[in-house]
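Here is a short briefing to read alongside your structure. Take a look at the chains first, and then let's walk through the bonds and contacts together.

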Amino acid sequence: MSREFVKFPRRLARTCLLIGMLAAGAAFAQTRDVLRVGIGDMPTMLDPQAYASITGLRFYTNVFDALMKLDPFTSEIEPALATDWQRLSDTTLELHLRPGVLFQNGDPFTAADVKFSIERVLSGNPIYANARAMLSVIDHVEVIDDLTVRVITAAPDPVLELRLANLWGDWIVPQAYIEEHGDEYFQRNPIGTGPFMVTLYEPDRIELTVFDGYWGEKPNVGKIVYRGIPEPTARLTALVNEEIDIMSPVVSDQIDTLSSYSNVSVQCHPQNLIHLLTYNTANPLMADPRLREGINLAIDRDLIIETLWAGRASATRGFQFEDFGDMYLDDVPYTEYDPERARELIEASDYAGGTLYYDLVPGYYENDLQAAEAIVEMLAEVGVKVQIRTTTSFWLNADRAIHPWSYAERFPDPVAGLWLLFGPDGTRQAKGRNDWIDPSEQFNATGHALAGTVDQATRKALWTDLHAMWLTEAPGTTLWRSAICTGVNNQVNWNIYPTQTMDFGARNLSFKD
Amino acid sequence: MNAGSYLWTRLFRSLLTLFAILLVAFLATRLSGDPTQWLLGDTATPAQQDAMRSELGIDKPIPEQFLRYLRQIVRGDFGTSYFEHRDVLVVLGERLPPTLQLMALAIAFGFALGITIGIVAAVNHDRWIDRALMMITFWMYAVPNFVLAIAMILVFSLWLHWLPSSSYGTWAHAVMPTLALGSSYAALVARITRSSMLDTLGQDYVRTATAKGLARRVVILKHCLRNALLPVVTLVGLVAGSLVGGSVVIETVFAWPGAGRLIVNAVLVQDYPVLQVAVLLVATVVIITNFLVDSAYALIDPRVQYAR
Amino acid sequence: MPGSAVRDRRGSATVGAAPAERLERRPRRRLKIPPVIWLSIGLLAVALIVALLAPLLEPYRPTAQSLRARLVPPVGFGGTLAHVLGTDHLGRDILARLIESLRMTLFIAALGTLIGALVGIALGLLAGTAGGFVDSFIMFLVDIQLAIPFTLAALTVIGIFGTSIAILIPVIGLAGWSQYARLTRGQVLSVRQMLYVEAVQALGGSQRRLALRHILPNVTSPIIVLVTYTFSQIMLLESSLSFLGLGVQPPQMSLGMMVGDGRNYLIGSWWIAVAPAAVLVAITVALALFGDWLRDRLDPRLER
């Protein structure tokens, strides 16, 4: 792959973004009857609260609405089903709901549906665990009238608005419909208040049809056909042959090929996803933090980004995204590559040459196996013997030492990032997992303080401390911020969002003639 | 032993086999890891996992689980997919027709092409056309089916634009999956038809028929083929089982919405109920096919001994 | 090879001769080997030698990466002599990997075949000589094996116990046991009906002696033919599992895995998949040709 090409996707992405926004902003956007989308894997259900996953995000925005939503590029909070809101106290948020909104079966949307949706997630059923992790601070919901509702938290929560605007748990579902048909029926026959209705749900084929009663702007397409095409070559061929209009994802080494066809183009965006490695500190081989720090220094992230990712992924300043705003720690350095110091640290550590197992589920994350093979060679250079072991679940083997993981941004705040994933309520510290067994007391105390403090300046100081402690205690490391590439037919103006949300609403989809 | 009691014994053995397979499938899936991680996601706590384990009934002793499972099966309740949270019969039910369709097409194609090749080769025994055809069957057998499948996508879809690259629906979508799945069976059928034809062509009654002055074509079609095809027919039963294995791969490449991919996925995400029912279902199909083939064989051909 | 399944359901095999004919010694004909068989044998011999000498022949360490020299094409397509067959997506030398993969693939197939043959022959002999309940039980196991398509069984076992070589080889090897068991059992039953066996028994010969002295020699030829078939079957099976990501795992490598990994690069960097696929197909075809020829030689019914 040529060196010049490495920079190409980003430039392309920016250009496409610009074109897309201009086109979408045009007064007379072209419309079309059907848009065909080819994706790698299909959702096992379309209940947005039970199936909170990236695969689901390709559908939810089109079928459902949330109370608020985050602008996909700036992460500003925007109104959606709630038109405005204010804090009545430290623990109470009052929301006014949009009048005249209909569910796709014709039922009106009211405050009772908001209460039902939130309480459904909080009900304790493990199927809603992912969504509940976002909303568990909520104590109860009060319906004031049909269009007014109050959300009350148990303790002051600085990010309640962000929680209600995140993509992982706040979708509004219809109370009457679910109570009539049951949860299992709803999972396959969902209805929401969004611009499209689910009209066909078969293996490998899902169709969404425009909902005429939608409260917002009418989309520029009548129907969306999603097709599951797992084999990358078949997916690419389908796009080039115009059997589909959009394909996602495009893997790194397909970009060159796709770019050589004149009827399609490739768009790449940084994704709101940081790939991680986590260390099993319960494994005696990994007990010494000096070894862990040495491993962190021995990985040449830039080389992998430049080659395996063709420059699409990017380095991060630790465990955070730029859209954290005030909370972004811009003085945290990019993770260093220093094999000399790595070797010193590892020699000084208790590590005496045992084999470290690097467990992974191949294909779970983009480039995971290739990156692992590269990392193993880099670690061999500094005297650490690592062996890849493929498995069907990260947690299967107690003697694992390293495994890949990811931080998908739920909303832009460390409370939904480092603290969610590495805090005492997350999986790393969970007793059954036995994964990070030696977190310092300060780490947990600082995190608790961060989650319960409203004052911004204090929060930033706490976050600075928390992040620094995580780096020294080294229960894992950040690798890179990944990127998502999609292939799009040139007749289509459309962009995938950094969250991997596929939005086919009027503001993000139009057609050239 | 007469044909009737032979069939009863055969039926009993088939049922016993099914039960053994049920037991093995049940035990095997219970020996594997814990599915709650996949079900609950990254942020689940141990308490939530315990709750889910008891909800699924996988915290009980194994014999108790098996009895419970048997009782449910008798009631027609094969369980709920851990992953899709739906009745496994429904999940498999919507996946089964495409797979059966693909298998039927592949068998039809494999047998039509294979028998043709076999006859042509046998009739031209030891001539260049025989050798060329046999060489082709070796190649058809030797190329791994996923290589053939991807090569066909590149040639017929990407370069020639003749056929749709993947998916399911019209006959055009079925062409490449059928060829990719059926070609190694065509090779197999061709080899057997050929050697079986050569056997029959050498037999006395055929020589007599030829000597009586019947046209060679008539002899071949009327006398030889019927007898030569008997061993080929038995193949259907054997092939039905191994086609399921092939369809796992072919369905993945062509995004064919069948049961093969469901099975692979069930293995990867440890969806025990789906896996159990899939294994049971496939085994049932294979056992029934073989039973029917055997019975037909026993009834048609009096030379078959009923003892094992 | 296709012929491997050519057996009717009552256990006798059309592979190999009817024992009655076999027992009569035929006048030995001079072995005339056609050129295409010479070619096959030569290819197989070269493959075997390359596999045995692999560490000496590999131009690079097969796992050595050079991320900055990834996807280099072979000589003649823009590449240099540094990497004769080019490099893969991690900048590893394809030729070195091809040699190492050949070694692994042949190792898996050989060991797998051995396991399947030993288990199958042992159970077949047991079933044929012991008879009664033992026979019924072993044939019951054969029934079970036949009813579960092998890929499905392999998927289940590998899904449960993981993807190590120590699991993979026995799992793949056991795919063929029932073929050997039925073949052996069928031969045993036929031989037992022979008059001279009754004579041996009447003279007080033991069962074990009977099995070793009289039955095994008779069953050897069809088993050799079956070995060539199962060997190539296992190679194809391993490549299917590798395609599904359930075969050999890195840092180890096999031909099937190289093809499986390389398939996503077929447009653009075709050499990653084409080189191992060509070797895989060539060996399978050579084995099939050789096995077929061997069957013709060893099976008097087909000699015409």
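**Salt bridges, a disulfide and a chain interface**

Let's begin with a pair in chain A: Arg58(A) and Asp41(A) form a salt bridge, with 3.1 Å between the closest N and O atoms. Please keep in mind that this is a predicted model. Over all chains, the count comes to 43 salt bridges, along with one disulfide.

**Salt bridges within chain A**

- Arg58(A) sits in helix α2 (residues 54–63) of chain A, while Asp41(A) is in the loop between β1 (32–39) and α2, so this salt bridge ties together parts that are 17 residues apart in sequence.
- Buried or exposed? Arg58(A) is buried, with a relative accessible area of 5%.
- Its partner Asp41(A) counts as partly exposed, at 39% relative accessibility.
- Another salt bridge in chain A joins the side chains of Arg400(A) and Asp435(A), at 2.8 Å from N to O.
- Arg400(A) belongs to strand β15 (residues 400–408) and Asp435(A) to the loop between α14 (418–422) and α15 (441–452) of chain A, so the pair links parts that are 35 residues apart in sequence.
- Here both partners, Arg400(A) and Asp435(A), are buried.

**The disulfide**

- In general, a disulfide is a covalent bond between the sulfur atoms of two cysteines.
- Which cysteines form the disulfide? They are Cys268(A) and Cys485(A), whose sulfur atoms are 2.0 Å apart.
- The torsion about the S-S bond of Cys268(A) and Cys485(A) is about 105 degrees, so the disulfide is right-handed.
- Cys268(A) lies in strand β12 (residues 264–279) of chain A and Cys485(A) in strand β16 (residues 476–489) of chain A, so the disulfide ties together parts that are 217 residues apart in sequence.
- Cys268(A) is buried at a relative accessible area of 6%, and Cys485(A) also counts as buried, at 1%.

**Where chain C meets chain B**

- In this interface, 51 residues of chain C are in contact with 55 residues of chain B.
- Between them, chain C and chain B bury about 4,700 Å², with 74% of that area on carbon and sulfur atoms.
- Polar contact, counted for residues both at pLDDT 80 or more, is found in three residue pairs between chain C and chain B.
- On the side of chain C that touches chain B, the elements giving two or more residues include α5 (132–147), α10 (207–243) and α12 (271–298) of chain C.
- Which element gives the largest share of that side of chain C? The answer is α12(C), with eight residues.
- By class, the side of chain C that touches chain B has 31 nonpolar, ten polar and ten charged residues.

**Salt bridges between chains**

- Side chains of opposite charge can pair when their charged atoms come close.
- How many salt bridges are counted between chain C and chain B? The count is two.
- One salt bridge pairs Asp292(C) with Arg191(B), their closest N and O atoms being 2.3 Å apart.
- In another, the side chains of Asp143(C) and Arg13(B) meet at 2.9 Å, N to O.
- Asp143(C) lies in helix α5 of chain C and Arg13(B) in helix α1 (residues 3–31) of chain B, so this pair joins two chains.
- Both Asp143(C) and Arg13(B) are buried.
- Salt bridges that share partners also join Arg188(A), Glu84(B), Arg86(B) and Glu94(B) into one network.

Notes
Residues are numbered from 1 along each chain as its sequence is written. Chains are lettered from A and ligands numbered from 1 in the order in which they are written. This is a predicted model: local features need pLDDT of at least 70, side-chain atom pairs count only at pLDDT 80 or more; totals for chains, interfaces and linings use all residues. Side-chain values use heavy atoms; hydrogens and water are left out. A disulfide is a pair of cysteine sulfur atoms within 2.5 Å. Helices (H or I, at least four residues) and strands (E, at least two) are DSSP runs, numbered from the N terminus. Buried means under 20% relative accessible area, exposed over 50%, partly exposed in between (1.4 Å probe, protein chains only). Contact means heavy atoms within 4.5 Å. Buried area is the accessible area (1.4 Å probe) that two parts lose on being put together, summed over both. A salt bridge is a side-chain nitrogen of Lys or Arg within 4 Å of a carboxyl oxygen of Asp or Glu. A polar contact is a pair of N or O atoms within 3.5 Å; within protein, one must be able to donate a hydrogen and the other to accept it, and residues adjacent in sequence count only if both atoms are side-chain atoms. Ala, Val, Leu, Ile, Met, Phe, Trp, Tyr, Cys and Pro count as nonpolar, Asp, Glu, Lys and Arg as charged, and the others, Gly among them, as polar.
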